[in-house]
Amino acid sequence: MIPGWILGTYIKWIKKEGVIVGIITGIIIVILTTFIWKHSFGIFSGIWGLIPNIILTLLISYLKK
C-alpha cells in the first residue's frame with residue numbers, strides 16, 4: 001500500500017483504480033513467490049510484488065486520465 005500512498009501524494013493523476021489493481025497484483029505475486037515459487041532468484045518476495053504494483057498503478061492511472 002505504500003507505493004499507492006507515495007505515488008498518490010506526489011503524482012496528482014494517480015487514480016484509486018490504479019492503486020487498487022496494483023495492491024491486489026502485488027499481494028498475489030508476494031503470495032505466489034513466498035509459497036509456490038520458492039526459488040525466486042534470491043530476490044525478496046516483497047520486491048517481486050513491488051515492481052508490478054508500481055507499474056500497474058502508473059499504467060492504469062495514466063490510462064484512466
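Among contacts in the chain between residues at least 6 apart in sequence, 67% link residues at least 24 apart. That figure comes from a predicted model. The chain itself is built from three helices and zero strands, so its elements, read from the N terminus, go α-α-α. Along its principal axes, the C-alpha trace spans about 35 × 15 × 15 Å. Of the 65 residues, 25% count as buried. The accessible surface adds up to about 4,800 Å², and 77% of that belongs to carbon and sulfur atoms.

Helix 2 is a good place to look more carefully. With 21 residues at 1.5 Å a residue, helix 2 should span 30 Å, and its end C-alpha atoms turn out to be 29 Å apart, which agrees. Which residues of helix 2 are buried? They are G18, V19, G22, G26 and T33. Those residues cover an arc of only 90° around the axis, so they sit on the same side of helix 2. Some background helps here: an α-helix has 3.6 residues a turn, so residues three or four places apart point the same way. On the other side of helix 2, things look quite unlike that, with K16, F35 and I36 exposed. And what do the buried residues of helix 2 pack against? Their partners are helix 1 (2–10) and helix 3 (45–64).

T33 makes a handy close-up. This residue lies in helix 2, which runs over residues 16–36. T33 has a relative accessibility of 8%, and because buried means under 20%, T33 counts as buried. The side chain of T33 also reaches the backbone oxygen of V30, at 3.2 Å. Leaving out residues up to four places away in sequence, T33 touches K38, S45 and W48.

Another buried residue of helix 2, G18, offers a link to helix 3, where L59 is found. How far apart are L59 and G18 in sequence and in space? They are 41 residues apart in sequence, yet 7.4 Å apart in space, going from C-alpha to C-alpha. Is L59 itself buried or partly exposed? At 44% relative accessibility, L59 counts as partly exposed, since that class falls between the 20% limit for buried and the 50% limit for exposed.

Notes
Residues numbered from 1 in each chain as written. Predicted model: local features only at pLDDT ≥ 70, side-chain atom pairs only at ≥ 80, totals over all residues. Heavy atoms only, no water. Helix = DSSP H or I, 4+ residues; strand = E, 2+ residues; numbered from the N terminus. Buried < 20%, exposed > 50% of the residue type's maximum accessible area, 1.4 Å probe, protein only. Polar contact = N/O pair within 3.5 Å; in protein donor to acceptor, adjacent residues only side chain to side chain. Contact = heavy atoms within 4.5 Å. Expected span 1.5 Å × (residues − 1). Arc of directions from axis to C-beta. Areas by Shrake-Rupley, 256 points an atom, 1.4 Å probe, with all protein chains shown as cover.
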